[in-house]
Amino acid sequence: MERTLSLLTPSGRLTLGNLLGALRPMVAAQRDADCFYGIADLHAMTTPHDPGRLRTLVRETATLMLAAGLGDATVFTQSQVPAHAQLAYLLECTATTGELNRMIQFKEKGRGVDSTRASLYTYPALMAADILLYRPHRVPVGADQRQHVELTRDLALRFNRLYGPVFTVPELTLPAAGARVMRLDDPTRKMGKSDADAAGVVLLLDPPDVVRRKVGRAVTDSDTGPDAVRAAPGKPGVTNLLEVLAACGGSAEGLTTYGALKRAVTDAVVAVLEPLQERYAELADDPAHVTTVLEAGAARCREVTGPVLVAAQAAMGL
Ligand code: TYM
């Protein structure tokens, strides 16, 4: 059976972008693959963090992942599977500084700033380890992770060529709609967890009235007339709303005003979030269940990753 793998970083509260770009494709992949889905708590320490908040966010992220329907997968916390950090070092010895310097995320978040954590620089090697340890065929992610997955493929090919065939070279998969959800208040910027307080970021646990308010205030443009509601390069706000609508299963047919578009988007988003939030409330009442799932998941991951780590170490001469 094919394997699929993906992780989410608990650096903030999950957003509609995480759901449409990653969680929903991850749910769909469970039908015909053996899936490994993780919470990348080590990645959450690459920027200044608070230990108590990290613990809370790991819990919330795990509960949301299960509420979104990932219950058929092996769900785990990265730090509970020591091979991730161990293989990351071997991949730091495979990647080059030229490659790491080219990573857009590093350039945007910290290059040239003295207080940037060293781990933000080596982050892509840890992410490559997360992936390669499981020899997955597919890695479903949003478009912002494309460069990291491409580097992972390059590292797998280089490692196999230099030291022997240890790793599978994974395919990146992007969703047809929702691969890059933008902020509602600034459609030129990605909707991200770190801006969770912003008016333009829809959180998975936002109640319907908050969703309505945020969508209602979404930035559009000054076009009027019968064809204003359409996707186009010069219309980033409207394009984003149409993309969210499509990804949430709604239709733009017959919509001629921005007011009608926003109402349709609100209804479609609320319809997707409501069942997830109901399930979240049930699971939050049963923390022991979430703990059991994470413990069983980490145990299976330790079994699966152990031999791959040993193979990589042996190939490198350790
Ligand atoms: P993270 O936690 O930033 O995001 C988790 C997943 O959600 C996707 N995503 C989005 N998709 C569409 N629109 C958006 N606005 C949006 N924001 C986020 C991301 O593409 C991702 O799929 N480094 C990764 C976590 C990670 C990982 C891995 C992923 C660590 N190891 C191994 C895959 C495989 C990250 O920080 O994603």
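Which backbone oxygen lies 2.8 Å from a polar atom of the side chain of Thr266? Hold that thought for a moment.

First, some ground rules. This is a predicted model, in which local features need pLDDT of at least 70, side-chain atom pairs count only at pLDDT 80 or more, and totals for chains, interfaces and linings use all residues. Residues are numbered from 1 along each chain as its sequence is written, and side-chain values use heavy atoms, with hydrogens and water left out.

Back to the opening. The backbone oxygen is that of Lys262. That is a polar contact, meaning a pair of N or O atoms within 3.5 Å; within protein, one must be able to donate a hydrogen and the other to accept it, and residues adjacent in sequence count only if both atoms are side-chain atoms. Thr266 sits in helix 10, residues 258–284. Helices here are DSSP runs of H or I with at least four residues, strands are runs of E with at least two, and both are numbered from the N terminus. Thr266 is buried, at 4% relative accessibility. Buried means under 20% relative accessible area, exposed means over 50%, and partly exposed is in between, with a 1.4 Å probe and protein chains only.

Now the ligand. There are 27 residues around it. A residue counts as near if one of its heavy atoms lies within 4 Å. Tyr123, Asp130, Gly142, Asp144 and Lys193 come nearest.

What kinds of residue make up that shell? It divides into 13 nonpolar, nine polar and five charged. For the record, Ala, Val, Leu, Ile, Met, Phe, Trp, Tyr, Cys and Pro count as nonpolar, Asp, Glu, Lys and Arg as charged, and the others, Gly among them, as polar. Where do they come from? Strand 1 (3–8), helix 1 (16–29) and helix 6 (118–132) each supply at least two residues of the shell.

Look at the polar atoms next. Asp130 places a polar side-chain atom 2.6 Å from a ligand nitrogen. Lys193 has a polar side-chain atom 2.7 Å from a ligand oxygen. Val181 takes part through its backbone: a polar atom there is 2.8 Å from a nitrogen of the ligand. How much of the ligand is covered? On its own, the ligand has 710 Å² of accessible area, and the protein covers 97% of that. These areas come from the Shrake-Rupley method with a 1.4 Å probe; for residues, only the protein chains shown count as cover.

On to the aromatic rings. The structure holds five aromatic pairs. Rings of Phe, Tyr and Trp (its six-membered ring) pair if their centres lie within 6.5 Å; planes under 30 degrees apart count as stacked, over 60 as edge-to-face, and the rest as tilted. Take Phe36 and Tyr134. Their ring centres are 5.0 Å apart and their planes stand at 45 degrees, so this pair is tilted. The pair links distant parts of the chain, 98 residues apart. Phe36 belongs to strand 2 (residues 34–39), and Tyr134 to the loop between helix 6 and strand 4 (138–140). Phe36 is buried, with a relative accessible area of 0%. Tyr134 is buried as well, with a value of 0%. Add Phe76, and ring pairs link the three residues into a cluster.

That loop between helix 6 and strand 4 also holds Arg135. Its phi is near 45 degrees, a positive value in a residue other than glycine. Arg135 is partly exposed, at 32% relative accessibility.

What about disulfides? A search of the whole structure finds zero. A disulfide here is a pair of cysteine sulfur atoms within 2.5 Å. Why does Cys35 not form one? Its closest cysteine sulfur is in Cys301, 12 Å away, which is too far for a bond. Cys35 is buried, at 2% relative accessibility. Cys248 is buried too, at 10%.

Two loop positions to finish. Ser115 is in the loop between helix 5 (104–109) and helix 6. Is it buried or exposed? Exposed, at 64% relative accessibility. Its C-alpha is 9.6 Å from that of Pro48, 67 residues away along the chain. Ala218 lies in the loop between helix 8 (208–216) and helix 9 (236–247). Ala218 is buried, with a relative accessible area of 6%. The C-alpha atoms of Ala218 and Gly237 are 7.3 Å apart, with their positions 19 residues apart along the chain.
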